[in-house]
Amino acid sequence: MTTILGTRLPLIQGALAQISTPALVSAVSEAGGLGVLTTVGMTPTDLAAAIAAVRAATDAPFGVNLMLQQDNIADLVPALIAAPVPVVTTSAGTPKRFCAALHAVGTKVVAVIPSVKVAQKMAALGVDALVAEGMESGGHIGTETTFSLVQQVAAAVDCPVFAAGGIADAAGVAAATALGAYGVQVGTAFLLATETPIAPAYKQAVIAAPDTGTVVTGRALGDAVRSLRNPLTTAYLEAEAAGATPAALHALVDGSLARAIQGDVDHGTLMAGQIAGKLTVELPAAAIVARLYPNA
Ligand SMILES: Cc1cc2nc3c(=O)[nH]c(=O)nc-3n(C[C@H](O)[C@H](O)[C@H](O)COP(=O)(O)O)c2cc1C
């Protein structure tokens with residue numbers, strides 16, 4: 001039996017900017033989920049190399065993520081139409097301009113959405129599935145909780161809905177299913193995969209985080225981001241409260257995910273979701289998949 005995305009399990013590994021590189025993606029796909037490549041900062045040549053690396057490691061379906069605020073989207077979309085991949089996931093915008101072109105080359109399109117209104121717009125475009133992403137999630141977030149959002153989106157659209165935000169194991173999958181989700185998208189739990197290229201200090205910070213260990217920055221910049229509380233987020237929130245200019249706020253956070261990935265846990269943005277408090281150990285991606293679907 002296969003799922004609507006051609007995978008064995010109804011599981012999407014959410015794209016992780018600069019982190020979901022071929023080793024993680026191929027491991028998740030090989031384990032029965034949909035591994036999804038990040039394209040943040042990539043040229044079409046980089047992307048072709050990453051896709052080739054995934055294909056060399058697995059025959060299973062995989063996806064490529066387009067975070068539509070990226071400034072390289074105009075370069076990457078033609079590359080994905082010229083050399084199609086099984087699935088493209090989109091976030092932070094609408095795939096309207098290229099949805100038909102991707103479908104024409106046989107690529108499935110999955111849109112990450114933060115509200116019922118946006119879900120309905122994307123469903124009307126004919127996307128193959130939606131990811132309803134709650135504000136518990138790590139990274140760039142909307143305003144609604146997974147619990148409330150998923151059941152309202154599932155009731156409002158005809159296409160399959162994957163739930164994202166706060167899901168790390170079989171309990172989360174069962175809850176998402178009860179809310180009407182077809183499957184789940186998981187991000188934070190995969191940060192702790194042995195296959196991710198992040199520094200041990202970032203992983204240890206995720207493991208050490210309590211339930212209340214994340215904060216949201218960037219609201220004043222119109223771009224809310226959830227990450228682990230650290231000296232950078234404290235400095236950022238103080239500057240925001242003191243009325244710092246957008247330029248000054250940008251100066252604090254621009255490039256800060258890369259610093260986190262390199263292990264600077266004081267000056268980096270350690271993107272992670274609220275479920276970090278439940279995560280206690282680094283594991284191979286296949287073991288994380290097995291925790292989500294123990295009976296598969
Ligand atoms: C470190 C990190 C980076 C992320 N980068 C992206 C990204 O580039 N594109 C995207 O669509 N979502 C991104 N996300 C969101 C995830 O794909 C996923 O939807 C989210 O993590 C699900 O919630 P969870 O963190 O509670 O599992 C990111 C999340 C994290 C934690």
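# Exercises on two sheets and a ligand site

Three strands build an open sheet with the order β7-β11-β10, and their pairing is antiparallel. The model is predicted, and the exercises below refer to that model.

## Exercise 1

Determine which strands stand at the edges of the sheet β7-β11-β10, and describe how β10 is joined to β11.

**Solution.** Step 1: the edge positions belong to β7 (139-140) and β10 (214-217); each has a single partner strand, so one side of each is left without a neighbour in the sheet.

Step 2: β10 and β11 (residues 225-228) run antiparallel and are joined by four bridges. Within this pairing, Thr217 has Val225 of β11 as its bridge partner.

Step 3: helix α10 (residues 231-241) packs on this sheet, where α10 touches β10 and β11. The direction of α10 makes about 40 degrees with that of β10.

## Exercise 2

State the strand order of the open sheet of eight strands, and place helix α1 relative to its strands.

**Solution.** Step 1: the order is β1-β9-β8-β6-β5-β4-β3-β2, and the pairing is parallel.

Step 2: β1 (11-13) and β2 (35-37) are the edge strands, each pairing on one side only. From one strand to the next, the twist averages 25 degrees.

Step 3: the edge strand β2 runs parallel to β3, to which three bridges join β2. Val36 stands opposite Gly63 in β3.

Step 4: helix α1 (residues 22-30) lies across β1, β2 and β3. Relative to β2, helix α1 runs at about 155 degrees.

In general terms, strands of a sheet pair through backbone hydrogen bonds, and the pairing is either parallel or antiparallel.

## Exercise 3

Characterise the surroundings of the ligand: the residues that come nearest, the polar contacts, the cover by the protein and the composition of the shell.

**Solution.** Step 1: 20 residues surround the ligand, and Ser91, Glu133, Gly166, Gln185 and Thr188 come nearest.

Step 2: a polar contact requires a pair of N or O atoms within 3.5 Å. A polar side-chain atom of Thr188 lies 2.5 Å from an oxygen atom of the ligand. For Ser137, a polar side-chain atom is 3.1 Å from a ligand oxygen atom. Gly165 places a backbone N or O atom 3.4 Å from an oxygen atom of the ligand.

Step 3: on its own the ligand has 600 Å² of accessible area, of which the protein covers 97%.

Step 4: β3 (62-67), β9 (183-186) and α8 (188-191) are the elements that give two or more residues to the shell. By class, the shell comprises nine nonpolar, 10 polar and one charged residues.

Methods
Residues numbered from 1 in each chain as written. Predicted model: local features only at pLDDT ≥ 70, side-chain atom pairs only at ≥ 80, totals over all residues. Heavy atoms only, no water. Near = heavy atom within 4 Å. Polar contact = N/O pair within 3.5 Å; in protein donor to acceptor, adjacent residues only side chain to side chain. Areas by Shrake-Rupley, 256 points an atom, 1.4 Å probe, with all protein chains shown as cover. Nonpolar A, V, L, I, M, F, W, Y, C, P; charged D, E, K, R; others polar. Pairing = 2+ DSSP bridges. Contact = heavy atoms within 4.5 Å. Axes fitted to C-alpha atoms, helices over the stretch in contact; angles between N-to-C directions.
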